[in-house]
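Hello,

Here is the structure I promised to pass on. Please open it first, then read my notes below.

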Amino acid sequence: MAALLEVENVSRRFGGIVALDGVSLDAGENEIVGLIGPNGAGKTTLFNVVTRLYRPDSGALRFAGRSLLRTPAHRIVRRGIARTFQNVELFDTMTVRENVRVGGRYGDEALEVVGLAPLAGRLAASLPHDTRKRVELARALASRPRIVLLDEPAGGLDHEEVERLATLIRRLRTELELAVLVVEHHMNLVMGVSDRVHVLSFGRRIASGTPAEVRNDPAVIEAYLGSAA
Ligand SMILES: Nc1ncnc2c1ncn2[C@@H]1O[C@H](COP(=O)(O)OP(=O)(O)OP(=O)(O)O)[C@@H](O)[C@H]1O
Ligand SMILES: [Mg+2]
């Protein structure tokens with residue numbers, strides 16, 4: 001059976017920078033897939049291409065067997081694709097519930113799933129960082145997507161908050177039957193929740209496999225050591 005999301009040989013450049021260089025990867029129905037790679041590897045660009053914010057220079061994108069290339073960005077959610085952003089963007093003068101309802105008609109259900117129903121009436125501006133991240137996730141879930149793309153959901157979270165996030169990501173799969181594509185630098189999280197992991201480095205996919213396979217891949221170790229040096 002074809003994957004739910006298929007990215008095939010996608011390239012995208014910005015002036016002289018090749019942000020994506022012939023990248024192919026996929027995510028299956030109800031699968032949790034990690035997307036990792038050093039800073040600047042092209043992870044967010046890939047999300048921006050899949051959600052049609054950026055047009056790929058070449059390559060194919062398919063969702064549930066149909067091309068995404070003729071779907072404009074504002075229709076992406078209706079196709080069943082939702083996302084969160086690397087930097088949380090909320091409407092600070094709106095309540096939690098109002099923020100979540102921006103994402104779709106199933107806002108109250110989404111608030112329940114992420115455990116924010118008791119805070120529904122609070123103003124977004126008054127919330128701590130981890131709660132703001134959960135509001136953003138709920139907003140993505142409010143459209144009842146088939147896949148959710150999470151861009152660094154653990155960014156700025158402490159150890160316990162990351163543990164709770166891991167539990168929540170697993171529940172998205174079991175309770176909502178979602179597929180999840182998660183970009184993360186937090187290795188314990190991504191290796192702990194993912195069925196498979198794709199690795200980008202300088203715009204190229206350098207590895208794909210189970211967390212154990214990817215962790216021991218010399219090309220992956222080299223990419224990370226190289227970036228740390
Ligand atoms: N709109 C843009 N205009 C110009 N260059 C861009 C743009 N978006 C991304 N880039 C460049 O493309 C490359 C990939 O960036 P991208 O944000 O996709 O990396 P990333 O893997 O998400 O990194 P990080 O882990 O730091 O978030 C970088 O060199 C970046 O500067
Ligand atoms: Mg990024």
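Ligand 1 is surrounded by Phe14, Ile17, Ala19, Gly37, Asn39, Gly40, Ala41, Gly42, Lys43, Thr44, Thr45 and Gln86. Two elements, β2 and α1, each give two or more residues to this shell. The largest share is from α1, with three residues. By type, the shell around ligand 1 holds seven polar residues, four nonpolar and one charged. Bear in mind that this is a predicted model.

Next, the sheet. It is open and has four strands, in the order β2-β1-β4-β5. The pairing is antiparallel. Strands β2 (17–27) and β5 (66–67) each have a single partner strand, so they stand at the edges, and one side of each is left without a neighbour in the sheet. Helix α1 (residues 43–50) packs on the sheet and touches β1, β2 and β4 (58–63). The direction of α1 makes about 115° with that of β1.

Look at the β1 and β2 pair too. Seven bridges join β1 (residues 5–14) to β2. Which residue in β2 is the bridge partner of Glu6? The partner is Asp26.

Last, the core. In soluble globular proteins, nonpolar side chains tend to be buried together. Here, the largest nonpolar core has 63 residues. Those that touch the most other members are Ala138, Leu141, Ile147, Val148, Val180, Leu181 and Val182. Take Leu181 as one of them. Leaving out residues up to four places away in sequence, Leu181 touches Leu5, Ala27, Val33, Leu35, Ile147 and Leu149.

Best wishes

Terms used
Residues are numbered from 1 along each chain as its sequence is written. Chains are lettered from A and ligands numbered from 1 in the order in which they are written. This is a predicted model: local features need pLDDT of at least 70, side-chain atom pairs count only at pLDDT 80 or more; totals for chains, interfaces and linings use all residues. Two strands pair if DSSP finds at least two bridges between them. Two residues are in contact if their C-beta atoms, placed from the backbone, lie within 7 Å. Axes are lines fitted to C-alpha atoms, for helices over the stretch in contact, and angles run from 0 to 180 degrees between N-to-C directions. A nonpolar core is a set of buried Ala, Val, Leu, Ile, Met, Phe, Trp, Tyr and Cys residues joined through C-beta atoms within 7 Å. A residue is buried if 20 or more other C-beta atoms lie within 10 Å of its own, exposed if 12 or fewer, and partly exposed in between; C-beta atoms are placed from the backbone. A residue is near a molecule or strand if its C-beta atom, placed from the backbone, lies within 6 Å of it. Ala, Val, Leu, Ile, Met, Phe, Trp, Tyr, Cys and Pro count as nonpolar, Asp, Glu, Lys and Arg as charged, and the others, Gly among them, as polar.
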